[in-house]
Amino acid sequence: MNDDEYRISEFKKALRQYSEEGVVDLDKNYPFKFNFQIHRYEDVLLNSRMSAPPNRWSFHRLCFLKQGEGELISGIYKFKATRNTFFVIPSRVISSSKNWSSDTKGYVLLFNVDFFLQNNFTHQFIANKKILSSSIKPYVNLNEEQAEEITRIFENLLAEKKRKENINNELIAVKILELLIMGERLFEHGSDGDGNLINVEIIKRFVDLMDIHFTKEHSVRFYAEQLSMHPNHLNALIKKHTGISAKESIQNKILLETKYLLHSTKLPIKQISNQMGFNDPNYFTTFFKRFEDLSPVNYRSSFA
């Protein structure tokens, strides 16, 4: 087993071993330290149609599917990646995937800010890249010409990585920047039509508000009022652009945080209920069971 195979094997192992945490924190649970990696999807999915439970990592992930398909959630966005889909999972954004087809081929690139800092680039080179924002729709479908250009960059990165002893990390950093710049253009070109900039700003503000208030404010009405919108309009807009309604986005965030607290802390259920904004522990239990078919107590005891 070579280094790449071992790293992929340990990645899958971490996802399996810690899946019951609610959200797998790969910064904590993946044993290898690195600033840059690139793999072919067919190697990652070898001998499996791996479903990845919700996870987060301090790496930006740039991915391109040459063929095949899979279903993904990245932040508040839910989408199906198919042939010639270019997609991004920004740093620390919670993502998951499932139902990968057996013929899936493509690339996945991982990098962090440290990789650029160590190669004579300032963080500003990537700090202003819109496609690394959690509020931007994280995928675009490419035509054949665009797909060939993206494939060329990924293949160049793979070729440079194979050099090992003579690897030029500065060249790799330049190629990643090329991919980011091209990605920005492709995402802008592939964005939907009238009012898109306004919608993007609304989604960004909704995500920011939800991050601040989700433990206290569970109603779509609260967020709609903050955004000067009707709740039905907000639900429809978020659903149209992300695949998940505003209500589902709020519920998912509460659920993931609850599962993390149940697994990673010894806080009493009543305290977790209060922390998640439920004044009535019975209602908290009802909410949790609706999605997990287990009470919070039984969920915690299932991995004790």
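## Helix packing, ring pairs and loop residues

Serine 228 counts as exposed because its relative accessibility is 72%, where over 50% is the cut-off. This is a predicted model. Serine 228 sits in the loop between helix 9 (220-226) and helix 10. Its phi is near 55 degrees, a positive value in a residue other than glycine. Most residues other than glycine have a negative phi.

Aspartate 293 also has a positive phi, near 60 degrees, and is not a glycine. Aspartate 293 lies in the loop that runs between helix 13 (281-292) and helix 14 (296-301). With a relative accessibility of 68%, aspartate 293 counts as exposed.

**Around helix 13**

Threonine 286 belongs to helix 13. Is threonine 286 buried, partly exposed or exposed? Threonine 286 counts as partly exposed, because its relative accessibility is 47%. Threonine 286 and proline 296 are 10 residues apart in sequence. In space, their C-alpha atoms are 9.3 Å apart.

**Helix contacts**

Helix 11 takes part in two of the packings described here, one with helix 10 and one with helix 13. The table sets out angle and axis distance for each.

| Helix pair | Packing angle | Axis distance |
|---|---|---|
| Helix 10 (residues 231-242) and helix 11 (residues 246-264) | about 75 degrees | 7 Å |
| Helix 11 and helix 13 | about 100 degrees | 11 Å |

How do helix 11 and helix 13 lie to each other, and why? They are roughly perpendicular, because angles from 65 to 115 degrees count as such and theirs is about 100 degrees. On the helix 11 side, the contact uses Gln251, Ile254, Leu255, Thr258, Lys259 and Leu262. On the helix 13 side, these meet Phe284, Phe287, Phe288, Arg290, Phe291 and Glu292. By class, the contact of helix 11 with helix 13 holds seven nonpolar, two polar and three charged residues.

Helix 10 and helix 11 pack at about 75 degrees. That angle makes helix 10 roughly perpendicular to helix 11. Leu234, Asn235, Ile238 and Lys239 of helix 10 touch Ala246, Lys247, Glu248 and Ser249 of helix 11. In this contact of helix 10 with helix 11, three residues are nonpolar, two are polar and three are charged.

**Aromatic rings**

How many aromatic pairs are there? The count comes to 24. One of them joins tyrosine 30 and phenylalanine 34. Their ring centres are 6.2 Å apart and the planes stand at 90 degrees, an edge-to-face pair. Tyrosine 30 and phenylalanine 34 are both buried.

Tryptophan 57 and phenylalanine 59 form another edge-to-face pair. Here the centres are 5.2 Å apart, with 80 degrees between the planes. Tryptophan 57 counts as buried because its relative accessibility is 5%. Phenylalanine 59 counts as buried at 6%; the cut-off is under 20%.

Both pairs fall within one cluster. Ring pairs link Tyr6, Phe11, Tyr30, Phe32, Phe34, Trp57 and Phe59 into it.

**Charges over rings**

Lysine also meets aromatic rings in this model. Lysine 137 lies over the face of tyrosine 139, at 5.0 Å from the ring centre. The charged end of lysine 253 sits over the ring of phenylalanine 214, and the distance to the ring centre is 5.1 Å.

Notes. Residues numbered from 1 in each chain as written. Predicted model: local features only at pLDDT ≥ 70, side-chain atom pairs only at ≥ 80, totals over all residues. Heavy atoms only, no water. Axes fitted to C-alpha atoms, helices over the stretch in contact; angles between N-to-C directions. Helix = DSSP H or I, 4+ residues; strand = E, 2+ residues; numbered from the N terminus. Parallel < 35°, antiparallel > 145°, perpendicular 65-115°, else oblique. Contact = heavy atoms within 4.5 Å. Nonpolar A, V, L, I, M, F, W, Y, C, P; charged D, E, K, R; others polar. Phe/Tyr/Trp six-rings, centres within 6.5 Å; stacked < 30°, edge-to-face > 60°. Buried < 20%, exposed > 50% of the residue type's maximum accessible area, 1.4 Å probe, protein only. Lys NZ or Arg CZ within 6 Å of the ring centre and 35° of its normal.
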